Amino acid sequence: MNNYSAPTRDMRFVLNELAGLSELNQLPGLEEATVDTVDAVLDEAARFAAAVLAPLNRTGDVAGASCEDARVMPPAGFRDAYRAFTEGGWGSLPFAPEYGGQGLPELVAAATNEIWQSANMAFALCPMLTEGCAVALGIHGSPALKNMFLPKLVSGEWAGTMNLTEPQAGSDLAELKTRAVPNGDSYLISGRKIFITWGDHDFTDNIVHMVLARLPEAPPGVKGISLFLVPKYLVNADGSGGRRNDVRPVSVEHKLGIHGSPTCVMSYGDNGGAHGYLVGTKHDGMACMFTMMNHARLAVGIQGLSIAERAYQQALGYAREREQGKIRGQSGRARIIQHADVRRMLMLMKSGCEAMRALAYVAAAALDHIHHSAQPARHTERFALLTPVVKAWCTELAQELTSLGVQVHGGMGYIEETGAAQHFRDARITSIYEGTNGIQAQDLVGRKVLRDQGKALRELIAEIRRTAADLSATEVNQAVIKRALGDAVEQLAQATDWLLANAQRDPNAPGAVALNFLMLTGYVCGGWQLARAAMIAAAKAAATNDGFYQSKIITARFYAEHYLPRSAGHFSAIRAGSESMMALGEEQF
């Protein structure tokens, strides 16, 4: 009941037909990303996840992590799994060969990340953050820092973390108080950080912390923040391990979910200061950290997909076996998958997962074009626009779909032993960390739509309109999708016009409508990708008897009938503006 099998058939379809793997393979530096190579990577990743990571998902949830004497103890089995993960080279897929990477696209790394997060989300957070740390260091680090730390981060010999949040600051990074004082060729870091995922463990010989802190002369606010690399163990000039740095875990949080992943309170400088090294330039830490944060936001969106996929697989397996009730015209008890309402829930899960997968992979492919195309500007705009949508829409949908997974199990879903509840609990953090979904919505509305007066979004809307126009008006399935997608994209266009017209008149309007605007964008983008999939599948189904392609068409139609009508509700809420939302005084709540 609690097994996991990577959906490699659908993953390949999205990689090849929607995200343009073959196009990426033509770009300089991505020549190794042939279809055969990527197929082999997916097959081996699926095998590793099923054999090594998935069996630890439940045991890690039950055992959890603990902290004693400034040491974090992860669940049993996780250390051996990490060793096998690094020996397989899994963390090095998207990095340049000069640092020990395999030179594969971010798109392929995104697909394997989906597999790891589905198999064992608590475990997979560790290599996910290490990859983000390496990405930020590779872009912003000095040659000396890159040569010293990047090869071992890429190989997974050392792990990485991201240290932003402080007890008094939360998401308001302008209030950070951690200090960095110059000390020769390094800085002495002092302060306390909270919510540090995998802040300590015994997997690796060293842990590289990326820490936001203020220099003594720093101006107030976010413009006075710098980024520092702070290793758990100092590194000697010859690359060998040195003495323990002045950084330690104080405790681990007791959380609703992802129990196997230690979320640490980290203390810097209890004994004079932790040695850290400036990444990027002084007072430019937020720009450097946003490289890591945007990488993490795409990855967390994929987490939403991953945990929803895991919940779907478990719900589907249960529905195929559980007998309850009767079906008219059939003798004996029915399996619950035969009941229409259970089919409704399973189809919501299936079509939602396929839409999330398509949108997340297309966004990841844009990142590859940014890094490797000769003219990356259009892809830069598209990736920036889609990042908050992937992060927030996928994780909001994950809340719904993992809850449906519990519901399919009925009363047994509420019992921890079945494992359905774990997926529901694990999914809950995804809409909170790496910037809450409210913050993602503010980012979409403020930085991605209002800042350029809707230019990038209108280009996306034009592309979706072209897809809707290409759908058949006579073939019954495509005709349904055509009408629903056409209506939804027009609602998004009108919502964009409304936002641009009202943002200056009503200063509360952008914040009041932001989440509805993001969800509207997400549902339309998901429908766009499934419409593309339906047209491709229809052409292939005409030439083959493969039931996979027919299922893609029906799934896209179901999404059009059951998800795209939600666009109208979000559009109606947007047009309501902020008046009733802001009308009550605080004492009236």
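Helices here are DSSP runs of H or I with at least four residues, numbered from the N terminus. With that convention in place, the pockets of this predicted model can be followed through the elements that line them.

The largest pocket, with a volume of about 1,100 Å³, has a lining of 38 residues, and among these T165, S171, Y433, E434 and G435 lie nearest its centre. Several elements each supply at least two residues of this lining, namely strand 5, which spans 186-197, helix 9 at 285-321, helix 12 at 420-428 and helix 13 at 437-450. Of the contributors, helix 9 gives the most, with 5 residues in the lining of the largest pocket. Sorted by class, the lining of the largest pocket holds 19 nonpolar residues, alongside 10 that are polar and 9 that are charged.

The second largest pocket has a volume of about 490 Å³, and its lining is made up of 19 residues, with F290, T291, N294, F383 and A384 lying nearest the centre. Two or more residues of that lining come from each of helix 7 (121-140), helix 9, helix 10 (340-372), helix 11 (377-409) and helix 13. Which element provides the largest share of the lining of the second largest pocket? That share, 5 residues, comes from helix 9. In the second largest pocket the lining divides into 7 nonpolar, 6 polar and 6 charged residues.

Read together, the two linings both draw on helix 9 and helix 13, each of which supplies at least two residues to the largest pocket and two or more to the second largest.

Key. Residues are numbered from 1 along each chain as its sequence is written. This is a predicted model: local features need pLDDT of at least 70, side-chain atom pairs count only at pLDDT 80 or more; totals for chains, interfaces and linings use all residues. Side-chain values use heavy atoms; hydrogens and water are left out. On a 1 Å grid over the protein atoms alone, a cavity is a set of points where a 1.4 Å probe fits but cannot get out, and a pocket is an open set with protein on both sides within 12 Å along at least five of seven lines; lining residues have an atom within 4 Å of a point. Grid points are joined across faces, edges and corners, and a volume is the space filled by probe spheres set on the points. Ala, Val, Leu, Ile, Met, Phe, Trp, Tyr, Cys and Pro count as nonpolar, Asp, Glu, Lys and Arg as charged, and the others, Gly among them, as polar.
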